[in-house]
Amino acid sequence: MTPAGIPANGAAMSDQDFQSDFLRTLQARGYIHQITHPAELDAAAAAGVVTGYIGFDATAPSLHVGSLIQIMMLRRLQQAGGKPIVLMGGGTTKVGDPTGKDTSRPQLTDETIQSNIASIRTVFEKFLTFGDGPTDAVMLDNDQWLSTYGYIQFLREYGTHFTVNRMLAFDSVKLRLEREQPMTFLEFNYMLMQSVDFLELNRARNCTLQMGGSDQWGNIVSGVDLVRRVDHKAAFGLTTPLLTTASGGKMGKTAQGAVWLNAEQLSPYDYWQFWRNVDDADVGKFLRLFTDLPLDEIARLEALEGAGINDAKKTLADAATTMLHGADAASHARSAAEAAFEQGRLSVDLPTVELPRDEVIGAMIAAVTTKAGLTASNGEARRLAQGGGLRLNDEAIADGARLIEAGDVNAEGVLKLAAGKKKIVLVRPI
């Protein structure tokens, strides 16, 4: 059963006439999918500082670009005069969010979780201003309160506010069971824990807004309902649309793996290249979501046709990379890409892989291409060569079994491998 006042599937936002800068901006840039109480939230945002949060579990040392829309939501909140809370899931990571998963997440040690949180924080510092001011961002860890509860205490205080019937109806649970995949009782508790997070933040920080992706709607609605039911205070939920590419793929997933936000996991060059190579049809949407460019300038860029759309893609790549890695890194990445792809020159800013000399000289180019990370297997590299997509030092190689010779290494001690039109790496035998 849906809580009173909360639409079962979210309210249609396309025809809303918002008064607050915050919701007008979100609407104009395409962030809004569902809101639990749109009129109330709009009035609160227009009247003063709204404190809002998004939770991020620390399952890896870096978030990937699929999480970037949530980070940008917090940035938009701060830009509009609100106060963002970044809630790291030191506690919930120990359980694992079952949403969209068919198997349980691996359990991490406390030390690993805390190390991941420290690494992830460095990314948020690029997008938000942290401090003690009324609109400065803060980062909190839900382990601070979740780990203090005794099991009986937690059940008595909060278990009575949740029915199994309703929990089974939410997509995060229902879809898992429909696929006949097991869900542990540990994971089943995740919704309760996330709801308690909202209650704790509402009480301690006057946080009235929880945001997240559309797959989090059930968890967010449960938190909104808990705050309103237990403390009879204002609480709102807002979700973003499921973000897919024009080709139907999941945002942030590529054939080579996740597009990580930390430079240690993905170089600024590769990050720039990711944005440069987006589908033509995605350029306008991504400019609105992932850059601060004015909307009229975005409209001009997405209207470009032919070769002009490549300029729009470079603008997107420049802006997105500058925001995460800084202007110098973006400039170097663009220069390296233009030198490699448009001018046929080498650049020190191109990704460079060092491999043992005996694994390069005298080895099949297919094997070296795979070890350099350009292909997933030797078979893929051979098929790439047969299709004319594998190049060594800018020359097409038709036979993946062709052996690399010492003469293929240039005066700088590297050889240049390219897979297709978009991926280049320098290999340095050592």
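Asn-206 lies in the loop between α10 (190-205) and β5 (209-213). In this predicted model, Asn-206 has a positive phi of about 55 degrees, although it is not a glycine. Most residues other than glycine have a negative phi. His-232 also departs from that pattern, with a positive phi of about 55 degrees. His-232 is found in the loop between α11 (217-230) and β6 (236-240). Is His-232 buried or exposed? At 67% relative accessibility, it counts as exposed.

Another loop residue is Gly-66, between β2 (51-56) and α3 (68-79). Gly-66 is partly exposed, with a relative accessible area of 29%. Along the chain, Gly-66 and Thr-244 are 178 residues apart, but their C-alpha atoms are separated by 9.5 Å.

**The six-stranded sheet**

Several of the strands named above belong to an open sheet of six strands, in the order β1-β6-β5-β2-β3-β4 and with mixed pairing. At its edges are β1 (34-35) and β4 (138-141), each of which pairs on one side only.

Strand β3 (residues 83-88) runs parallel to β2, and six bridges join the two. Two residues of β2 show how the strands line up: the bridge partner of Tyr-53 in β3 is Ile-85, and that of Phe-56 is Met-88. Between these strands the chain passes through α3, and this β-α-β crossover from β2 to β3 is right-handed. β3 also pairs with β4 in the parallel sense, over four bridges. Here Val-86 stands opposite Met-139 in β4.

How many of the six residues of β3 are buried? The count is six of six, so the strand is mostly covered. In a regular strand the side chains alternate between the two faces of the sheet. In β3, Lys-83, Ile-85 and Leu-87 are on one side, and Pro-84, Val-86 and Met-88 are on the other. Both faces are covered, since the residues on each side are all buried.

**The five-stranded sheet**

There is also an open sheet of five strands, in the order β9-β13-β12-β10-β11, again with mixed pairing. β9 (352-355) and β11 (395-396) stand at the edges with a single partner strand each, so one side of each is left without a neighbour in the sheet. The pairing of β9 with β13 (residues 423-429) is parallel and covers four bridges. Within it, Glu-354 stands opposite Arg-428 in β13.

**Aromatic residues**

Counted over the model, there are 10 aromatic pairs. Two of these involve Trp-275, as the table shows.

| Pair | Centre to centre | Angle between planes | Arrangement |
|---|---|---|---|
| Phe-274 and Trp-275 | 5.0 Å | 75 degrees | edge-to-face |
| Trp-275 and Phe-286 | 5.9 Å | 90 degrees | edge-to-face |

Why do Phe-274 and Trp-275 count as edge-to-face? Their planes are at 75 degrees, and an angle over 60 falls in that class.

Trp-275 lies in helix α12 (residues 268-276) and Phe-286 in helix α13 (residues 283-290), so their pair ties together parts that are 11 residues apart in sequence. Trp-275 is buried, with a relative accessible area of 0%. Phe-286 is buried at 1%, and Phe-274 is buried at 17%. The value for Phe-274 counts as buried because the cut-off is under 20%. Together with Tyr-271 and Phe-290, these three residues form one aromatic cluster.

Elsewhere, a ring meets a charge: the charged end of Arg-121 sits over the ring of Phe-130, 4.7 Å from its centre.

**Nonpolar cores**

In soluble globular proteins, nonpolar side chains tend to be buried together. The largest nonpolar core here has 72 residues. Which of them touch the most other members? They are Phe-124, Tyr-271, Trp-275 and Phe-290. Helix α15 (residues 308-325) gives the largest share of this core, eight residues.

Leaving out residues up to four places away in sequence, the contacts of Trp-275 include Val-65, Leu-68 and Met-251. Trp-275 also touches Phe-286 and Phe-290, as well as Lys-313, Leu-316, Ala-317, Ala-320 and Thr-321. Apart from the largest core lies another, of 31 residues, with Val-138, Tyr-149, Phe-170 and Ala-235 among them.

Terms used: Residues numbered from 1 in each chain as written. Predicted model: local features only at pLDDT ≥ 70, side-chain atom pairs only at ≥ 80, totals over all residues. Heavy atoms only, no water. Phe/Tyr/Trp six-rings, centres within 6.5 Å; stacked < 30°, edge-to-face > 60°. Buried < 20%, exposed > 50% of the residue type's maximum accessible area, 1.4 Å probe, protein only. Lys NZ or Arg CZ within 6 Å of the ring centre and 35° of its normal. Core = buried A, V, L, I, M, F, W, Y, C linked by side-chain atoms within 4.5 Å. Contact = heavy atoms within 4.5 Å. Pairing = 2+ DSSP bridges. Right-handed = clockwise from strand over helix to strand, strands pointing away.
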